[in-house]
Amino acid sequence: MLELADDSVQLMVTSPPYPMIKMWDTIFAKADPKIAALWRELEEDGKEGTVRQIYDSMHLYLGEVWRETYRVLVDGGIAAINIGDATRSVNGKFKLFPNHARIMEVCEKIGFITLPYILWKKPTTKPTYKGKGAFLGSGFLPPNAYVTIDCEFILLFRKGNLRSFPPHDKTRYDSMFTKLQRDEWFSQIWALKGTRQTVGELERRSAAYPYEIAKRLVKMFSVKGDTVLDPFLGSGTTVAAAKLNDRNSIGYETDPDLLPIIIKKISDKKADLAPEIQIIKR
Ligand SMILES: C[S@@+](CC[C@H](N)C(=O)[O-])C[C@H]1O[C@@H](n2cnc3c(N)ncnc32)[C@H](O)[C@@H]1O
């Protein structure tokens, strides 16, 4: 994130492409030719070790972003990462790829302090049998059914010490949340519906998280006037939440086709916001 100076961002909120979830395979393969070559190798050798190398390489790619995030965050800055684990059959073998655990390990190595995380429980996911679709009749027989993945993680990390403010700092008090909000937002399970992905191919491709998630995180972990970063912007939910809650924001997105959707998302919420957007193409 060459444009960003060290210690210049107070909060990072993001959801990256999820390693080993099929819809993101192409993005990883395009981003890193080594990953594309490993997929080809897997077709020929079918080895477990090659699958592990693919998974490791995907997390190495994401790890570069977590490292850059650490650099640009201020002391006491927070990183919030929405990630789901993946289940997948590769060469006929079904297994879990625990993305949340890998990201925690990587971020700890970078120097982040791991904080208690949030589980986003989606009410819509159906139970699966052998990793395929809904439970069938045979799913009532032990012991070969799998537990359904119906939660995603919102991992939380801090860089360095707690942020400090002068006593009775006005901006901080102006950013206060209510008791009701505190009780709900700071509990570990958030039961929230996912965003409808059926609107169109582009929106589906962006795999947006609900505005409510971005809004809560912005209000919980930053104060008005802070800068919020999203290195995997998608449809722009994070910058919309930042703008609407009086924070500055910066986002990175590699898919140029999403630009009109990002602009629409921000403009939809508050018509006068669009002129403040600065787009840097490289
Ligand atoms: C899960 S989506 C983000 C969805 C977003 N939270 C929202 O609400 O719309 C991940 C996004 O990261 C983008 N992406 C992948 N690699 C990237 C990179 N190296 N830099 C910037 N964006 C990237 C993808 O194109 C995709 O739009």
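Trainee: What is the volume of the second largest pocket, and which residues lie closest to its centre?

Mentor: A pocket is best read from its volume first and its lining afterwards. In this predicted model, the second largest pocket has a volume of about 510 Å³, and 17 residues line it, of which Phe-165, Arg-172, Met-220, Phe-221 and Val-223 are the closest to its centre.

Trainee: Which elements give two or more residues to that lining, and how do the lining residues divide into nonpolar, polar and charged?

Mentor: Strand S2 (73-83), helix H5 (170-174) and helix H8 (211-221) each give two or more residues, with H8 supplying the largest share, three residues. As for character, the lining of this pocket holds ten nonpolar residues, three polar ones and four charged ones.

Trainee: Turning to the backbone, where is the cis peptide bond?

Mentor: The bond that runs from Pro-142 to Pro-143 is cis, its omega being near 0°, and Pro-143 belongs to the loop that joins strand S7 (132-134) and strand S8 (151-158).

Trainee: Which residue other than glycine has a positive phi of about 55°, and is that residue buried or exposed?

Mentor: That residue is His-168, which sits in the loop between S8 and H5. His-168 has a relative accessible area of 66%, and because exposed means over 50%, His-168 counts as exposed.

Trainee: What can be said of Asp-246, where phi is also positive?

Mentor: Asp-246, again not a glycine, has a phi near 65° and is placed in the loop between helix H9 (237-244) and strand S11 (248-251). Its relative accessibility is 40%, so Asp-246 is classed as partly exposed.

How values were computed
Residues are numbered from 1 along each chain as its sequence is written. This is a predicted model: local features need pLDDT of at least 70, side-chain atom pairs count only at pLDDT 80 or more; totals for chains, interfaces and linings use all residues. Side-chain values use heavy atoms; hydrogens and water are left out. On a 1 Å grid over the protein atoms alone, a cavity is a set of points where a 1.4 Å probe fits but cannot get out, and a pocket is an open set with protein on both sides within 12 Å along at least five of seven lines; lining residues have an atom within 4 Å of a point. Grid points are joined across faces, edges and corners, and a volume is the space filled by probe spheres set on the points. Helices (H or I, at least four residues) and strands (E, at least two) are DSSP runs, numbered from the N terminus. Ala, Val, Leu, Ile, Met, Phe, Trp, Tyr, Cys and Pro count as nonpolar, Asp, Glu, Lys and Arg as charged, and the others, Gly among them, as polar. Buried means under 20% relative accessible area, exposed over 50%, partly exposed in between (1.4 Å probe, protein chains only).
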